[in-house]
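Work through the exercises below with the structure open beside you, and try each task before reading its solution.

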Amino acid sequence: MNLHEYQAKELLGKYNVPTQTGVAVSTPEEAVAAYKKIAEESGSKFAVIKAQIHAGGRGKGTMKEVPAQHGVQVVKSEEQVGEVAKNILGNTLVTIQTGEAGKVVNKIYVAKDMYYDGPSERQEFYLSILLDRATKQNVVMYSTEGGMDIEDVAHNTPEKIYKEFVKPGYSLQGFQARNIAFNLGLTGEAQKNMIKFVTNLYNAYVGLDCEMLEINPLFKASDDQILAVDCKMGLDENALIRHKDLAALRDKSEEDPTEVEAGEFNLNYVKLDGNVGCMVNGAGLAMATMDMIKLAGGEPANFLDVGGTANAQTVEAGFRIIMKDPNVKAILINIFGGIVRCDRVAAGVIEAYKNLGNIEIPIIVRLQGTNAPEAKKLIEESGLKVQSAILLSEAADLVQKAVQG
């Protein structure tokens, strides 16, 4: 589950991780009020406005409705704040990560400007924490080359990316925190502050059950303070049972509507770009089904796992979700009856078909396992335009013929 910058910074504050001061707002009027407060507290007329979306590249991204307007803007007056806020809020921000469709901006973050120092007085670093699946350890990745071009640094000068690995169940060790500060070229008070910063940041990563935590830029101010100017945080959804308060931070407007709807029915759904809708029980079988569709010359339109307790309600919900995709030309239902009985799924297919009315899209059903013969008989005697198959390859061929037809 991804969080917005302002949400992530609020959580980091609970772990004593210093962050850039700011206020999240939803209207131009609120933006002006936030600017006044920040200007009064900082003694500077400069502030920065950041669009809040679940995507990176906001600084280089542009507003679709106002191409000259970027997703991150420095402002220095109340009038400018109101104008920038009006151009961003409610409009679509297009970045390298959003694609051409972009994302609608519903909130902006009005923050203290950290770049009032001269270039010689400040430094920008990069730091992130995530799981390295190859070593089965958490890894702290960091670099002296922070900022908007970190992707180019990783590609062109990978030797500038440092790593510290932490074994599961262990904390970030003191010598590792010192290594990070040393490799970033810090000394004196700045070094001490960096050691404290990365130690607390790692504690936040573990304590919040993060999948990924990225600070870019990680900022050293002229007074040697170390702060998170920007923050991207992704939480492990499987761990939210331990964090009921964090589950409330989910912003469904940032997610695919069909994936949100699928989640409400406990369906595992991921939209793809093909034309064959898939409904399967079990992630492994779903992957195998998509492979067979591609081998037969088709393209899967989605990954949809109804789980081991498929019934009429979940099957109908799956149908509705798949059919919302206008690219779908055929639907393949592939159920292996282990825990779930095939005849129960067949009854669900028939009921869903009747409830949804006249379905023009060809439907191919393959049911194997517990009560498979009974299920096949139910479907064949239902009088509906549903084709049944025994072999997975046979089902894939039927789907491809339906699509071509």
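**Exercise 1.** In this predicted model, describe how helix α5 passes helix α6, and find which residues make the contact.

*Solution.* Begin with the handedness: α5 passes α6 in a right-handed crossing. Next, take the geometry, for which two packed helices are described by the angle between their axes and the distance between the axes. Helix α5, which covers residues 174-183, packs against helix α6, residues 188-207, at an angle of about 130 degrees, and their axes are 9 Å apart. The two helices α5 and α6 are therefore oblique to each other. Then look for the residues: on the α5 side they are A177, R178, I180 and A181, which meet Q191, M194, I195, V198 and T199 in α6. Sorted by class, the residues of this contact are six nonpolar, two polar and one charged.

**Exercise 2.** Describe the packing of helix α2 with helix α3 in the same steps.

*Solution.* The axes of α2 (residues 28-42) and α3 (residues 78-88) come within 8 Å and cross at roughly 145 degrees, and the crossing is right-handed. From α2 the contact takes P28, A31, V32, Y35 and K36, while α3 supplies E78, V81, G82, A85 and K86. By class, this contact of α2 with α3 holds six nonpolar, one polar and three charged residues.

**Exercise 3.** Which side chains of strand β5 are buried, and how does β5 pair with strand β3?

*Solution.* Follow β5 along residues 72-75, where the side chains alternate: Q73 and V75 point to one face and are buried, whereas V72 and V74 point to the other face and are not buried. Turning to the pairing, β3 (residues 47-51) and β5 are antiparallel and joined over four bridges; I49, for instance, has Q73 of β5 as its bridge partner.

Terms used: Residues are numbered from 1 along each chain as its sequence is written. This is a predicted model: local features need pLDDT of at least 70, side-chain atom pairs count only at pLDDT 80 or more; totals for chains, interfaces and linings use all residues. Side-chain values use heavy atoms; hydrogens and water are left out. Axes are lines fitted to C-alpha atoms, for helices over the stretch in contact, and angles run from 0 to 180 degrees between N-to-C directions. A crossing is left-handed if the near helix is turned anticlockwise from the far one by less than a right angle, and right-handed if clockwise. Contact means heavy atoms within 4.5 Å. Ala, Val, Leu, Ile, Met, Phe, Trp, Tyr, Cys and Pro count as nonpolar, Asp, Glu, Lys and Arg as charged, and the others, Gly among them, as polar. Angles under 35 degrees count as roughly parallel, over 145 as roughly antiparallel, 65 to 115 as roughly perpendicular and the rest as oblique. Buried means under 20% relative accessible area, exposed over 50%, partly exposed in between (1.4 Å probe, protein chains only). Two strands pair if DSSP finds at least two bridges between them.
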